[in-house]
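Biologist: I am new to this structure. Please take one part, the disulfide, and look at it closely. Then follow the chain outward from there.

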Amino acid sequence: DYEIHRSMGVSANGFVKIGATTDTFYVDNIRDEGDNVGIFCYRIVATEQNNPLGFVDYNGFAFNSTSNEACAEHNPRVFIPNSFNPKSDNVENSTWKPVHLYVEESSYSLEIYDRWGNKVFGTNNETKGWDGKVSGEYAPAGAYIYQLKYRSKQGEPIEKRGSITLMY
């Protein structure tokens, strides 16, 4: 039998049993773990079976063997919409903002520029998006340039640039 133990983050402390199998293959679904550090460490505890000589440990249990630790580091994942309509009836579509996982929140910087290079929006708050307004008025439909800067949870600086289309 094999027990699968997982720890989230760089600390080896806090391993938790997440599953068991008799096979040598296991798939861990981390979707429900949300936006943590992005590092998942694993170790396997194998329990000896069918021991013909009946060897047991000093507590009277079958022998266990614990594997080395192996860690998987996830890179930041960012979804950047390419267009939006600030007058949309669907609230989610009326504000433009990137959606991400494994991004260090304190490093977040987003700026949007018009075609002449004028800054029309800027924020360091990852929950705040552009509502399509400049000085309280809806901006003209068309292409705008964004610049997104952030760091991965491991501290790596990342910069993305591209265009978005504002449409009505």
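Modeller: Cysteine 41 and cysteine 71 form a disulfide, with 2.1 Å between their sulfur atoms. The term means a pair of cysteine sulfur atoms within 2.5 Å. By this rule the count is one. This is a predicted model: local features need pLDDT of at least 70, side-chain atom pairs count only at pLDDT 80 or more, and totals for chains, interfaces and linings use all residues. Residues are numbered from 1 along each chain as its sequence is written, and side-chain values use heavy atoms, leaving out hydrogens and water.

Now the geometry. The torsion about the S-S bond of cysteine 41 and cysteine 71 is about 105°, so the disulfide is right-handed. Cysteine 41 lies in strand E3 (residues 39–47) and cysteine 71 in strand E5 (residues 70–73), so the pair ties together parts 30 residues apart in sequence. Strands (E, at least two residues) are DSSP runs, numbered from the N terminus.

The two ends sit in unlike surroundings. Cysteine 41 is buried, at 5% relative accessible area. Cysteine 71 is exposed, at 51%. Buried means under 20% relative accessible area, exposed over 50%, and partly exposed in between, with a 1.4 Å probe and protein chains only.

Cysteine 41 leads to histidine 5. Leaving out residues up to four places away in sequence, histidine 5 touches Phe15, Val16, Lys17, Ile18, Cys41, Tyr42, Arg43 and Val45. Contact here means heavy atoms within 4.5 Å. Histidine 5 belongs to strand E1 (residues 2–8). Its relative accessibility is 12%, so histidine 5 counts as buried. Tyrosine 42 is 37 residues away along the chain, yet the C-alpha atoms of histidine 5 and tyrosine 42 are 5.6 Å apart. The side chains of histidine 5 and glutamate 3 share a polar contact of 3.1 Å. A polar contact is a pair of N or O atoms within 3.5 Å; within protein, one must be able to donate a hydrogen and the other to accept it, and residues adjacent in sequence count only if both atoms are side-chain atoms.

Elsewhere, five strands form an open sheet in the order E7-E14-E13-E9-E10, with mixed pairing. Strands pair if DSSP finds at least two bridges between them. Strand E7 (83–84) and E10 are at the edges with a single partner strand each, so one side of each has no neighbour in the sheet. E9 and E13 run antiparallel, joined by seven bridges.

Key:
Helix = DSSP H or I, 4+ residues; strand = E, 2+ residues; numbered from the N terminus.
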